[in-house]
Amino acid sequence: MRFNTILYCLKQGIKNIFRNKLFSLASISTMAACIFLFGLFYSIVMNVQFMVKEAESSLCVTVFFEPGTSETRISVLGQQITARDEVSNVEYTSADEAWDSFKDVYFEGNEEYAKAFMGDNPLINCAYQTIYLSEASMQESLVNYLESIPDVRKVNKSELTANSFADFGMLIGYVSGAIILILLAVAVFLISNTVSVGITVRREEISIMKLIGATDFFVRAPFLVEGILIGLVGAAIPLAAIYYLYGNVIQYVLEQFSILSNVMVFLPIKDVFRSLLPVGLILGVGIGFLGSSTTTRKHLRV
């Protein structure tokens, strides 16, 4: 395509936007609202998933071994367990360490009572491994494996907590996906209407262009440019707003609800926008192109 043709299509696309100011403004506003809500939900989902991941990192199962299991055997089992995909970390607590920890908690302030057990460890058969999970959804498969090991006496697990993490993550994903799809469908509809009005206004001009030999692409290109520009502007505005608001909102929440700083960890803005910025712009341009392309195919049969 020659440069003059590209320049002509670009100029006509911009003229179409200003020629139908009301519909163009409505389309840009709707696109901006859709992308803003998309960015809002995306930021929320990213932070929720991050918080769930952080919480999952503390989710663990505890493995107790059969009496008489040697330290060497326990060490070998620990290496095998650590190599599994479900496991992020394994911590071993010997019988002596378990007894020392027990004494510190239950004999605090009455240490003299613990002296009665001098040289006699009541928890001699209570060596255990604390196994931290990579993901909460993997707990069941890991527990099944652990319970199949002959040297394992008991496996303590938190099934309710693991299922809650997994179900909550799925719920957030489904709800956000449904809302985003609805918003994007509305944006496509409005852009289609805007381009349709532009075609109606220029129908006579388009007919003349076709009669003197203009190709379908040459006729359609300005309307495609119009839709893409509407989508690009409609995406850039809310992304800039989200970038400005994100840090301020988080700072406000942490200042007003300082207790949350101990239980909630938010993603830095650069981590959110590393994927949100390109996705938001591509969505805006893609929706604009889709809306204008669909409309031009439908209405430009002249």
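Is Phe-273 buried or exposed? Phe-273 counts as buried, at 11% relative accessibility (buried is under 20% relative accessible area, exposed over 50%, partly exposed in between, with a 1.4 Å probe and protein chains only). Some notes on the rest follow.

1. Ground rules. This is a predicted model, where local features need pLDDT of at least 70, side-chain atom pairs count only at pLDDT 80 or more, and totals for chains, interfaces and linings use all residues. Residues are numbered from 1 along each chain as its sequence is written, and side-chain values use heavy atoms, with hydrogens and water left out.

2. Overall layout. The protein has 10 helices and four strands (DSSP runs numbered from the N terminus: helices are H or I with at least four residues, strands E with at least two). Going from the N terminus, the order is α-α-β-α-β-α-α-β-α-β-α-α-α-α. Of its 302 residues, 37% count as buried. About 17,400 Å² is exposed, and carbon and sulfur atoms supply 63% of that (Shrake-Rupley areas with a 1.4 Å probe; for residues, only the protein chains shown count as cover).

3. Contacts along the chain. Take the contacts with a separation of 6 or more: 86% of them come from residues 24 or more positions apart (contact means heavy atoms within 4.5 Å).

4. The largest nonpolar core. This one has 19 residues, and Val-61, Ile-131, Leu-142 and Leu-146 touch the most other members (a nonpolar core is a set of buried Ala, Val, Leu, Ile, Met, Phe, Trp, Tyr and Cys residues joined through side-chain atoms within 4.5 Å). Two or more residues each come from S1, H3, strand S2 (87-93), S3, helix H6 (139-147) and strand S4 (152-156). A second, separate core has 16 residues, among them Leu-184, Ala-235, Leu-239 and Leu-267.

5. Ile-131 up close. Setting aside neighbours within four places in sequence, Ile-131 has contacts that include Val-61, Val-63, Ile-81, Val-90, Leu-142 and Leu-146.

6. Gln-139. This residue sits in helix H6 and is buried, at 4% relative accessibility. Its C-alpha lies 8.1 Å from that of Val-61, though the two are 78 residues apart in sequence.

7. Aromatic pairs. The count is three (rings of Phe, Tyr and Trp, the last by its six-membered ring, pair if their centres lie within 6.5 Å; planes under 30 degrees apart are stacked, over 60 edge-to-face and the rest tilted). Phe-64 and Tyr-128 make a tilted pair, 5.5 Å centre to centre with 50° between the planes. Phe-64 is in strand S1 (residues 60-65) and Tyr-128 in strand S3 (residues 128-133), so this pair ties together parts 64 residues apart in sequence. Phe-64 is buried at 16%, while Tyr-128 is partly exposed at 22%.

8. Back to Phe-273. Its ring and that of Tyr-243 have centres 5.1 Å apart and planes at 90°, so they form an edge-to-face pair. Tyr-243 belongs to helix H9 (residues 216-256) and Phe-273 to helix H10 (residues 269-299), 30 residues apart. Tyr-243 is partly exposed, at 49% relative accessibility.

9. Thr-69. Look for this one in the loop between S1 and helix H3 (71-82). Thr-69 is buried, with 18% relative accessible area. Beyond its neighbours within four places in sequence, Thr-69 is in contact with Ile-74 and Asp-151. The Thr-69 side chain also reaches the backbone oxygen of Glu-66 at 2.7 Å.

Conventions. A polar contact is a pair of N or O atoms within 3.5 Å; within protein, one must be able to donate a hydrogen and the other to accept it, and residues adjacent in sequence count only if both atoms are side-chain atoms.
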